[in-house]
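Biologist: I would like a close look at one part of this model, starting from a single pair of facing residues and working outward through whatever surrounds it. Please take the description as far as the computed geometry allows.

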Amino acid sequence: MKKVRTVITYGTFDLFHEGHLNLLKRARALGDRLIVGVTSEAYDRARGKLNVRQSLLERIENVRRTGLADLIIVEEYEGQKIEDIHKYEVDVFVIGSDWRGKFDYLKRWCEVVYLERTKGISSTQLRGNVRIGIVSTGRIAHRFVPESKFVSGAFVTAVYHPNPEKAESFARMHELAWGGNDWEEFIKQVDAVYVASPHETHVEYTLRALQAGKHVLCEKPMATSQKDSLNLYQFALDQKLVLLEAIKTAYLPAFRRLIALALSGAIGEVRFVEAAFSKLVRPPARELDPMRLSGSFVELGSYVLLPMVKLYGHDIPEEALEFRSYYSPQGVDLWTKVDVGLEGKYGEGKVGLGLKGEGALVIWGSEGYIYVPAPWWKTASFEIRSENSAENKIIADSFEGEGLRYEIAEWVSMIMEGRQTSFALRPEESIWISSAIETFLRRKKKGGWHP
């Protein structure tokens, strides 16, 4: 008697679309019996899957309606796949090709098949998903695509680059429907644009995307002048579009909790904020190129300014800022310290490129302090400390992958909900950070910085 060939696949199946249907059809064709595992809410949270909009019962119903599944099960924990393979005597494990290689360990027990994802899915077929296009193909863009897969409702479909070969190569690597250097064609493919181009082009591409009626998530610094930043936010507001600056730390669950606790008086009055961020890079890195908008403060200053503007407000005057820098013979600041002096409040931020120091965040208060260990800009946990160490508390929250999924989730949620302001990073806070960078660059140009 011929053995029944059993196939199994897993997924969230939120906002069910043509890509989901095609995967199930092709999986079904590989055997005689198809088992579909639908992830539970708890497991989605544990693995960093964000912004799931439908309940487990709704998602199970999405699969049931296809008529393709012989059995639907619930995936509830990491490691369950191995148990399911043995329990149901599975012959073939199937998953989308965007997970290629991740599940090779299952080959010990069954055949593993990675099915090519469906390209060119229309907005109607996506049923409520946000089609995202990426501008540029650099390091952060390569990290963005896999992170977006953990955000329900986010669907990267296209990439633009002035060099068509780079765009086409990126599109092939990440299995995107379109890649090229035709801006008008690029815009037709998407609902929203992630600007990941070099710093000096952020304003231009953000404005072009907004003018085309697209929502924008722009890498930091979105702008290096108060005027440009203000104009972009005002234009987005007038056009009822979502504009968000991608300072990823602002959107991390643990960082948002520590800011809320500090503002609620958990350590009394906040009096002093000190933050540091450094990374090791070597020429000819973009960050050190004197012909580009480069240097440690442009590259990293947004991060150390973030806790200050969140805790002290966005009305910190220019005269409250002082800078001290160490720079290369080419005029690139390799290390910069910014001091923020207000009445009864103080801030100190240190950034560096090509040298490494302790990267912690400490928030001093009148009744205790908050300590975030390095790398604090990837906040996963923090400690509230007091004079009596027995009262110290460690608070942890989720941080998965590169951390980009949290800003993507906030952006997509805002688009879907018609919300133009995020408490995580308000427009006025982003504008102030731009103005602080502008102040640094202006004083540097005038020779008002120190070796």
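**From one residue pair outward**

Modeller: Glu274 stands opposite Val362 in S16, and that pair is a convenient place to begin, with the reminder that this is a predicted model. The two strands concerned are S12, residues 270-279, and S16, residues 361-365, which run antiparallel and are joined by five bridges.

Stepping back from this pairing, S12 and S16 belong to an open sheet of eight strands, whose order is S13-S14-S15-S12-S16-S17-S18-S19 and whose pairing is mixed. The edges are taken by S13 (321-327) and S19 (393-396), and because each of these has a single partner strand, one side of each is left without a neighbour in the sheet. From one strand to the next, the twist averages 10 degrees.

Two helices lie across this sheet, and S12 and S16 appear in the contacts of each. Helix H11, residues 253-263, lies across S12, S16, S17 (368-372), S18 (381-385) and S19, and its direction makes about 20 degrees with S18. Helix H12, residues 296-312, lies across S12, S13, S14 (333-342), S15 (345-353) and S16, running at about 160 degrees to S15.

For comparison, it is worth following another sheet of the model in the same manner. Here six strands form an open sheet in the order S8-S7-S6-S9-S10-S11, with parallel pairing. Its edge strands, S8 (178-180) and S11 (243-246), each pair on one side only, and the twist from strand to strand averages 25 degrees.

Within this parallel sheet, S6 (residues 130-135) deserves particular attention: six of its six residues are buried, so the strand is largely enclosed by the rest of the structure. The cover extends to both faces, with Val130, Ile132 and Ile134 buried on one side and Arg131, Gly133 and Val135 buried on the other. Strand S6 pairs with S7 (residues 154-160) in the parallel sense over six bridges, and among the residues involved Val135 has Tyr160 in S7 as its bridge partner. The chain travels from S6 to S7 by way of helix H6 (residues 139-148), and this β-α-β crossover is right-handed. Strand S6 also pairs in the parallel sense with S9 (residues 192-195), over four bridges, and the bridge partner of Gly133 in S9 is Val193.

Towards the S11 edge, strand S10 (residues 215-219) and S11 pair in the parallel sense over four bridges, with Glu219 standing opposite Ala246 in S11. Helix H7 (residues 164-173) packs on the sheet, where it touches S6, S7 and S8, and its direction makes about 160 degrees with that of S8. Helix H13 (residues 404-417) lies across S6, S7, S9, S10 and S11, at about 160 degrees to S10.

One helix pair completes the picture. Helices H9 (residues 202-211) and H10 (residues 226-238) pack with their axes 10 Å apart and at an angle of about 15 degrees; they are therefore roughly parallel to each other, and H9 passes H10 in a left-handed crossing. In this contact, Val203, Thr206, Leu207, Leu210 and Gln211 of H9 meet Asp228, Leu232, Phe235 and Ala236 of H10.

Conventions: Residues are numbered from 1 along each chain as its sequence is written. This is a predicted model: local features need pLDDT of at least 70, side-chain atom pairs count only at pLDDT 80 or more; totals for chains, interfaces and linings use all residues. Side-chain values use heavy atoms; hydrogens and water are left out. Two strands pair if DSSP finds at least two bridges between them. Axes are lines fitted to C-alpha atoms, for helices over the stretch in contact, and angles run from 0 to 180 degrees between N-to-C directions. Contact means heavy atoms within 4.5 Å. Buried means under 20% relative accessible area, exposed over 50%, partly exposed in between (1.4 Å probe, protein chains only). A crossover is right-handed if, with the strands pointing away from the viewer, the path from the first strand over the helix to the second runs clockwise. Angles under 35 degrees count as roughly parallel, over 145 as roughly antiparallel, 65 to 115 as roughly perpendicular and the rest as oblique. A crossing is left-handed if the near helix is turned anticlockwise from the far one by less than a right angle, and right-handed if clockwise.
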